[in-house]
Amino acid sequence: MASSFFSEWVYTDTVKDHFINPRNIWKEDDDFTPDGVGEVGSLACGDQMRVGIKVEDGKIKDLRWLTYGCASAIASTSMMSEMAKGMSLEEAYHLSPKDITEELGGLPEHKFHCSVLGDKALRAAIDDYLEKNHMDNPYKAKTAKIICECKGVTDQQIEELVKTDQVKTLDDLIRLTGATTGCGKCKEKIAAELAELLHIYNK
């Protein structure tokens, strides 16, 4: 049965390795007290991610994670945890799903969203660390991507509105930000970005 399962495995050997032998899992009996914790997703939609970080001299000294998700979510977060350790907070904040996926040797296109959970939870953990220590966050603006050029609406702005329950539909987003009301060329991108975030945060 097992050999049949793995003979039909559609992922790379690296994904298989990180799925079967995930690194840096946050175990209950670990002597690990995080300096910052980030959580994204929801059990209701099938994917939930929690990341804890320890910070020393402005770098990620250690990282632990927990997830309820598919093989792609487990493998991508395991890889992310290996990549992030030793990085400066700025480097870790800029770690992207593309970076993680490339290290894994690729993921099926319909599973790419799973790699987004790990990097979002990592950024949320860094946000939490900076907030707890009353430190400015100079990284957010640098990582924001403009989705609607006419109105200057960024992906992070949309994410914050979704997380805080201010936006649940495209109409909500248009009303609050004016997105898509300029040239209208961004409407498809805006709708896709919103749909992804609503899925991640189970809104």
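# A walking tour, starting at a salt bridge

Select Arg64 and Asp30 first: they form a salt bridge, with 3.4 Å between the closest N and O atoms (the term covers a side-chain nitrogen of Lys or Arg within 4 Å of a carboxyl oxygen of Asp or Glu). Arg64 sits in strand 3 and Asp30 in the loop between helix 2 (13-20) and strand 1 (36-42), so the pair ties together parts that are 34 residues apart in sequence. Helices (H or I, at least four residues) and strands (E, at least two) are DSSP runs, numbered from the N terminus.

Before moving on, keep in mind that this is a predicted model, where local features need pLDDT of at least 70 and side-chain atom pairs count only at pLDDT 80 or more, while totals for chains, interfaces and linings use all residues. Residues are numbered from 1 along each chain as its sequence is written, and side-chain values use heavy atoms, with hydrogens and water left out.

**Around the first stop**

Arg64 is buried, at 17% relative accessible area, whereas Asp30 is partly exposed at 26%. Here buried means under 20% relative accessible area, exposed means over 50%, and partly exposed is in between (1.4 Å probe, protein chains only). Add Asp62 to the selection: Asp30, Asp62 and Arg64 are linked in a network of salt bridges.

Stay on strand 3 (residues 59-68) and click Thr67. With a relative accessibility of 17%, Thr67 is buried too. Leaving aside neighbours within four places in sequence, Thr67 is in contact with Gln48, Met49, Ala73 and Ile74 (contact means heavy atoms within 4.5 Å).

**More salt bridges**

How many salt bridges does the structure hold? The count is 10. For one of them, select Glu82 and Lys85, whose closest N and O atoms are 4.0 Å apart. Glu82 is partly exposed at 37%, and Lys85 is partly exposed at 31%.

Then jump to Asp128 and Lys132, where the side chains meet in a salt bridge of 3.0 Å, N to O. Both lie in helix 6, 4 residues apart, about one turn of the helix. An α-helix has 3.6 residues a turn, so residues three or four places apart point the same way. Lys132 is partly exposed, at 48% relative accessibility.

While helix 6 is on screen, pick Arg123. Arg123 counts as buried at 15% relative accessibility, and beyond its neighbours within four places in sequence it is in contact with Tyr93 and Leu95.

**Ring pairs**

Now show the aromatic side chains. The structure holds 2 aromatic pairs. Trp26 and Phe32 make an edge-to-face pair, 5.4 Å centre to centre with 85 degrees between the planes, and both residues are buried. Tyr93 and Tyr139 make a tilted pair, with centres 5.5 Å apart and planes at 45 degrees. Rings of Phe, Tyr and Trp (its six-membered ring) pair if their centres lie within 6.5 Å; planes under 30 degrees apart count as stacked, over 60 as edge-to-face and the rest as tilted.

The tyrosine pair links distant parts of the chain: Tyr93 is in helix 4 (residues 89-93) and Tyr139 in the loop between helix 6 (112-132) and helix 7 (140-143), 46 residues apart. Tyr93 is buried at 2%, as is Tyr139 at 14%.

**Into the core**

Which residues touch the most other members of the largest nonpolar core? Select Val51, Ile53, Leu63, Leu122, Ile126 and Ile158, out of 48 residues in that core. A nonpolar core is a set of buried Ala, Val, Leu, Ile, Met, Phe, Trp, Tyr and Cys residues joined through side-chain atoms within 4.5 Å.

Zoom in on Leu63: outside four places in sequence, its contacts include Phe32, Val51, Ile53, Met80 and Leu122. Next go to Ile158 in helix 8, which is buried at 0%. Beyond four places in sequence, Ile158 touches Ile147, Val153, Leu173, Ile190, Glu193, Leu194 and Leu197. In helix 8 (residues 155-163), Asp155, Gln156, Ile158, Glu159, Leu161 and Val162 are buried. Just past the helix comes Asp165, with a positive phi, near 65 degrees.

**Last stop: the cysteines**

A search of the whole structure finds 0 disulfides (pairs of cysteine sulfur atoms within 2.5 Å). Cys148 is in none, with the nearest cysteine sulfur, that of Cys186, 3.6 Å away. Try Cys183 as well: its sulfur is 3.7 Å from the closest cysteine sulfur, in Cys150, too far for a bond.

Zoom out to finish: the protein chain has 10 helices and 5 strands, and 46% of its 203 residues count as buried.
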